[in-house]
Amino acid sequence: MVERVMLMGHGATPVPCRLVAAAYRDEQEAADKVVRLGSGVDVCLFASPLPYDFARRSGVLTVPATYVPLGGAALHAALVRTAQDDRIDVTRVSVDVVNRAEIEEAYEDLGLPIQDVHSRDESGSTGTVAAYHERLLRRGVTTGALTCLPGVAERLTAAGVPAIRIRPTTASVRTALHGAALLGAHHRLEESQLAVVLIEVPTLREPVRRSAPRYWRDELRLALQRLLVQEAHRMNASVWPIDDHSYLVASTRGSISAATDGFRVPPFASRIREELGLAIEVGIGMGRTTHEAEAHARAALARTQASKQVQGFAVDREGRPLVPAPRMPPQPAGPVKPKGVEVLGRLAAKLEGGDTVVDAEAAGRMLGVTARTARRLLRTLVDEGLAWPLPPNRTPQPGRPRQLYRLIVEKLGPRAP
């Protein structure tokens, strides 16, 4: 069947395309074939609904997919061949793979009764499906089988069960090829659709505190823009600063999707938090024009900022969220003292000489924890507005740059040293 599709595919599709054959011995191998093809294809066309169902259930489909239909003309042709077979009563048969609605439609079109026709559209192994047909025949319920699976037809014939193959007609294959080509073309256009990412940094948006060093904002902006440019380069995107606390990234839907695990996680956020200790706000918008994509990105960003819960950060070109809002973890009942205040109080009690700048190693020694744990606690302080992340202290020595944090001990009130 795959060879037949390949032979018919040359010159039969409405848009220029290249066909890649992925033949298999058993329908259950279809999922493995899809994995082997990887991202080298724009659409998958399966030889029948069964391999498509196996691939869909395994979760390996990352591109649009369709299959050559076995209902309609293919089923009508099989029923005509069945009527010509003296061994089989076409009104007392068993049918596999084709769904019940298509079977009823075909029998209604031909004016045939269907009450004694049995069907099984669930996927299963060759042995399981063959046993289904054979069991019905041995019980005298049916007179033969209509099967879409070559392996099942061979087993039934060997067991003496009259069997008719349901084969796609030439018109069915041609229609499936046209449909697959159009799906692939649409996928290409969708992946190349313009996408705009808006990034805002709450830390840079807040007013400058008198106690903060004068230069730290400029250094932080430079470090942030350097990181954004590096990440954007990997996704073939461009970065522009909008103002002192926000940036615009222009790319395509395909590139953004790959960088966000299918719009499941915000882009850039993980690395910015890891290297700079900053939390960012992200809005992604799609559109037919740059203006439309930016407008949708601003709407997504505003929705995220306006709600205490993290909502879908990506919006399609129709203005609809691409992903559902993730659930927030359950909040404990009753007033709970913020953990960050406790940590800041313990650090403030051990600060010497009025120096409020620490790194993970120094904080770890003060708190009696590892540097890794201290780094996580310091990020918690940043998230709660109890510390300022300073630009990484880059040194000629290899390894991770030293990240400094200024503790805002003023928020402790009278407890501040």
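1. In this predicted model, three strands make up an open sheet whose order is β12-β14-β13, and the pairing within this sheet is antiparallel. The edge positions are taken by β12 (357–359) and β13 (387–389), each of which has a single partner strand, so one side of each is left without a neighbour in the sheet. From one strand to the next, the twist of this sheet averages 35°.

2. Within that sheet, β13 is joined to strand β14 (residues 404–407) by 3 bridges, the two strands running antiparallel. One pair can be named for inspection: Pro389 has Tyr405, in β14, as its bridge partner. The sheet also carries a helix, since α16 (residues 371–383) packs on it and touches β12, β13 and β14, with a helix direction that makes about 50° with the direction of β14.

3. A further open sheet contains 4 strands in the order β4-β3-β5-β6, and here the pairing is parallel. At its edges stand β4 (118–120) and β6 (163–165); each has a single partner strand, and therefore one side of each is left without a neighbour in the sheet. The twist in this sheet averages 20° from one strand to the next.

4. As for the pairing inside the parallel sheet, strand β3 (residues 93–96) and β4 are paired over 3 bridges in the parallel sense, and Asp96 is found opposite Arg120 in β4.

5. Two helices should be considered together with the parallel sheet. Helix α4 (residues 73–83) packs on the sheet and touches β3, β5 (144–147) and β6, its direction making about 145° with that of β6. Helix α6 (residues 126–138), for its part, lies across β3, β4 and β5 and runs at about 170° to β3.

6. On helix packing, α10 (residues 216–234) and α12 (residues 269–276) pack at an angle of about 145°, and their axes are 11 Å apart; the crossing in which α10 passes α12 is right-handed. On the α10 side the contact involves Ala223, Leu224, Leu227, Leu228, Gln230, Glu231 and Arg234, which meet Arg271, Ile272, Glu275 and Leu276 of α12. Sorted by class, this contact of α10 with α12 has 6 nonpolar, 1 polar and 4 charged residues.

7. Turning to the pockets, the second largest one has a volume of about 750 Å³. It is lined by 31 residues, of which Arg18, Leu19, Val20, Val41 and Val43 are the closest to its centre. The elements giving two or more residues to this lining are α1 (2–9), α2 (30–37), β1 (44–46) and α8 (170–191).

8. Which element gives the largest share of the lining of the second largest pocket? That share, 6 residues, comes from α8. By class, the lining of the second largest pocket is made up of 24 nonpolar, 3 polar and 4 charged residues, and a colleague setting up a description of this pocket may wish to keep the charged group in view alongside Arg18, one of the residues closest to the pocket centre.

Definitions and conventions. Residues numbered from 1 in each chain as written. Predicted model: local features only at pLDDT ≥ 70, side-chain atom pairs only at ≥ 80, totals over all residues. Heavy atoms only, no water. 1 Å grid on protein atoms, 1.4 Å probe; cavity = no way out; pocket = protein on both sides within 12 Å on 5 of 7 lines; lining within 4 Å. Points joined across faces, edges and corners; volume = space filled by probe spheres on them. Nonpolar A, V, L, I, M, F, W, Y, C, P; charged D, E, K, R; others polar. Pairing = 2+ DSSP bridges. Axes fitted to C-alpha atoms, helices over the stretch in contact; angles between N-to-C directions. Contact = heavy atoms within 4.5 Å. Left-handed = near helix turned anticlockwise from the far one by under 90°.
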